[in-house]
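Trainee: Hi, I've just been handed this one and I don't know where to start. Could you walk me through it?

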Amino acid sequence: MTAITSTAIPLVPQRSWLLRPPGVYRPQDDTWMLADALRESGMPGGARVLDLCTGTGALAVAAARLGAASVTAVDISRRALATVWTNSRLRRIPVRLLRGDAAAAVRSGPFDVVLANPPYVPCPVPANGAARAWDAGPDGRVVLDELCSRAASLVAPGGYLLMVHSTVAGPGKSLAQLGEAGMTPAVIAARSIPFGPVMRSRAAFLEAAGLIAAEQRHEELVVIRADRP
Ligand SMILES: C[S@@+](CC[C@H](N)C(=O)[O-])C[C@H]1O[C@@H](n2cnc3c(N)ncnc32)[C@H](O)[C@@H]1O
C-alpha cells in the first residue's frame with residue numbers, strides 16, 4: 001500500500017477523475033484489481049451492491065456504471081463518505097451513504113454483490129488517523145475477520161462477495177472462514193507488486209512476525225470471490 005499524497009487521481013479504466021482529499025485512501029493496485037474482478041464477474045443488471053470500506057467511492061462508481069440498481073457505500077471515515085458524496089453527485093450517480101462497519105452494513109442488507117477492499121496491513125500498534133485506511137492489527141486481519149464472519153449475512157442467496165487483500169494477511173484464513181460461514185470461496189485473481197512506502201517502512205516488523213520472508217520486498221494481492229448458495 002502507498003500512503004496518501006495527492007489530491008485527485010485518474011479513475012482508470014473508467015477514464016474520469018475522482019476527488020481524493022488528504023486523509024482518504026488513494027485508489028491503487030488493489031482498487032483496480034477489484035474493479036477488474038467486478039467487471040468480469042457477470043454482475044446481473046439490477047443488482048443491489050454494497051461497497052464496504054468505500055474510501056473515495058471508486059468501486060461504488062464502477063458498480064453504478066456497470067448497471068447496479070442500487071449502490072450502498074459504507075466507511076467508518078466521515079471524510080471518506082463526504083468524498084463519495086461529492087464523487088457520486090458529480091456523476092449524478094445515486095449512492096446511499098452509511099457511516100459504520102460490516103455490522104452496520106448487515107442492518108441495511110442483504111446485497112446481491114458485496115465489494116470490499118478493507119485495511120489489511122499488519123501493524124504492531126492500533127490504527128490511528130489516516131492509517132485506519134490500511135492498518136489492521138498485528139496480523140492484518142482485524143477488519144478481514146469481521147468481514148468474513150458477517151459475509152453470509154451481507155450477501156443475499158445467489159449473490160457473491162468480491163474482496164481483495166495481500167497474501168501477507170493470510171488469504172488461507174479468509175478462505176477457511178468464508179467456507180465455514182457457508183460460502184463457496186476461491187481466489188480468482190492474483191498479482192505480485194513491489195512494496196509501497198507503508199509496507200517498506202513495516203518490513204522489519206513483518207519479518208520479525210514471520211509474515212514475510214527475509215529480504216522479501218514484494219507482496220501478492222489476491223481477489224477472493226465467495227458465492228452464497
Ligand atoms: C484500503 S481503503 C479502500 C478504499 C477504496 N475501497 C478503494 O479500494 O480504493 C480501506 C477503507 O476502509 C475504511 N475502513 C477502515 N476500517 C473500517 C471498518 N472497520 N469498517 C468500514 N470501513 C473501514 C477506511 O476508512 C478506508 O476508507
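Mentor: Sure, one term to begin with: two strands pair if DSSP finds at least two bridges between them. Helices (H or I, at least four residues) and strands (E, at least two) are DSSP runs, numbered from the N terminus. This is a predicted model, where local features need pLDDT of at least 70, side-chain atom pairs count only at pLDDT 80 or more, and totals for chains, interfaces and linings use all residues. Residues are numbered from 1 along each chain as its sequence is written.

Trainee: Okay, so in which sense do β7 and β9 pair?

Mentor: Antiparallel, over seven bridges. Tyrosine 160 stands opposite aspartate 227 in β9.

Trainee: And how does β6 run with β7?

Mentor: Those two are parallel, joined by five bridges. Valine 114 has leucine 161 of β7 as its bridge partner. Between them the chain goes from β6 through α5 to β7, a right-handed β-α-β crossover. Right-handed means that, with the strands pointing away from the viewer, the path from the first strand over the helix to the second runs clockwise.

Trainee: How many residues of β3 are buried?

Mentor: Five of the five, so β3 is largely enclosed by the rest of the structure. A residue is buried if 20 or more other C-beta atoms lie within 10 Å of its own, exposed if 12 or fewer, and partly exposed in between, with C-beta atoms placed from the backbone. Arg48, Leu50 and Leu52 point one way from β3, while Val49 and Asp51 point the other way.

Trainee: What joins β3 to β6?

Mentor: Four bridges, and the two strands run parallel. Leucine 50 has valine 114 of β6 as its partner.

Trainee: Switching to helix α6, which residues are buried there?

Mentor: Pro171, Ser174, Gln177 and Leu178. Down the axis of α6 they fall within an arc of 125 degrees, so they line one face of the helix. That arc is taken over the directions from the helix axis to the C-beta atoms. Gly172 and Glu180, on the other side of α6, are exposed.

Trainee: Last one: which residues come nearest to the ligand?

Mentor: Of the 22 around it, Thr31, Cys53, Gly55, Asp101 and Asn117. Being near here takes a C-beta atom, placed from the backbone, within 6 Å. The elements giving two or more residues to that shell are α2 and β4.
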